[in-house]
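The following note sets out points for a colleague who has the sequence and the model at hand. Each point may be checked against the coordinates.

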Amino acid sequence: LHVTMTDSDGVKHEFPDVEEGVSLMELGRSRGVSGIMGDCGGGCACATCHVYVAAEWWNAVGEPDDVEFAMLDMVADVMKDTSRLGCQIKMNRDLDGLEVTVAPASG
Ligand code: FES
């Protein structure tokens with residue numbers, strides 16, 4: 001599965017070989033994408049995996065649940081309508097071609 005991820009320095013990374021089930025946080029971390037920390041290990045409790053989903057992919061990715069939304073609210077200064085936590089987006093066939101941009105750090 002293919003993912004395009006623009007990092008916090010504005011550098012675009014193409015990952016054409018992402019396995020199903022891998023989260024965007026795991027992907028960014030394992031490939032050294034700057035700005036993706038994943039401090040809580042994917043527990044929806046740190047927001048250091050915050051990404052902006054490309055508008056055309058928003059419907060396929062879907063809205064955050066209440067727990068995730070509450071976490072995003074902690075980084076409200078950099079939150080956008082298309083904000084999601086990377087650890088909560090797991091790759092599947094429907095997301096082949098997904099494009100996201102790493103959000104800047106809050107604060
Ligand atoms: Fe902590 Fe995603 S890794 S919220």
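1. The principal feature to consider is the sheet. In this predicted model, five strands form an open sheet in the order S2-S1-S5-S3-S4, with mixed pairing. Strand S2 (12-15) and S4 lie at the edges; each has a single partner strand, so one side of each is left without a neighbour in the sheet. On average, neighbouring strands of this sheet are turned by 30° against each other, direction ignored.

2. The sheet may be placed in the context of the whole chain. The protein chain contains three helices and five strands, and from the N terminus on its elements follow the pattern β-β-α-β-α-α-β-β.

3. Strand S5 (residues 98-102) pairs with S3 in the antiparallel sense over three bridges. Strand S1 (residues 3-6), by contrast, runs parallel to S5, and four bridges join the two. In the pairing of S1 with S5, Thr6 stands opposite Thr101.

4. The register between S3 and S5 can be followed through valine residues. Val53 of S3 stands opposite Val100 in S5, and Val51 stands opposite Val102 in S5.

5. Strand S3 (residues 50-53) also pairs with strand S4 (residues 83-85), in the antiparallel sense and over three bridges. Within this pairing, Tyr52 has Ser83 of S4 as its bridge partner.

6. The burial of the strand faces deserves separate comment. In a regular strand, side chains alternate between the two faces of the sheet. Which residues of S3 are buried on each side? His50 and Tyr52 are buried on one side, and Val51 and Val53 are buried on the other, so that both faces of this strand are covered.

7. Strand S5 has one covered face and one uncovered face. Leu98, Val100 and Val102 make up the covered face, whereas Glu99 and Thr101 make up the uncovered one. Val100 and Val102 of that covered face are the residues that stand opposite Val53 and Val51, respectively. Thr101, on the uncovered face, is the residue opposite Thr6.

8. Two residues in the loop between helix H1 (24-30) and S3 merit inspection of their backbone geometry; one of them is Cys44. Cys44 has a positive phi of about 60°, although it is not a glycine. Is Cys44 buried, exposed or partly exposed? Cys44 counts as partly exposed, because it has 17 C-beta neighbours inside 10 Å, whereas a buried residue requires 20 or more and an exposed one 12 or fewer.

9. Ala47 is found in the loop between H1 and S3 as well. Ala47 is likewise not a glycine and has a positive phi, of about 65°. Ala47 is buried, because 24 other C-beta atoms lie within 10 Å.

10. Overall dimensions are as follows. The C-alpha trace of the protein chain spans about 30 × 25 × 25 Å along its principal axes. The radius of gyration of the protein chain is 12 Å, which agrees with the value near 13 Å for a compact globule with 107 residues.

11. Two values for the whole chain complete the note. Of the 107 residues in the protein chain, 31% are buried. Among contacts between residues at least 6 apart in sequence, 68% join residues at least 24 apart.

Key: Residues are numbered from 1 along each chain as its sequence is written. This is a predicted model: local features need pLDDT of at least 70, side-chain atom pairs count only at pLDDT 80 or more; totals for chains, interfaces and linings use all residues. Two strands pair if DSSP finds at least two bridges between them. Axes are lines fitted to C-alpha atoms, for helices over the stretch in contact, and angles run from 0 to 180 degrees between N-to-C directions. The radius of gyration is taken over C-alpha atoms; the globule rule is 2.2 Å times the number of residues to the power 0.38. Two residues are in contact if their C-beta atoms, placed from the backbone, lie within 7 Å.
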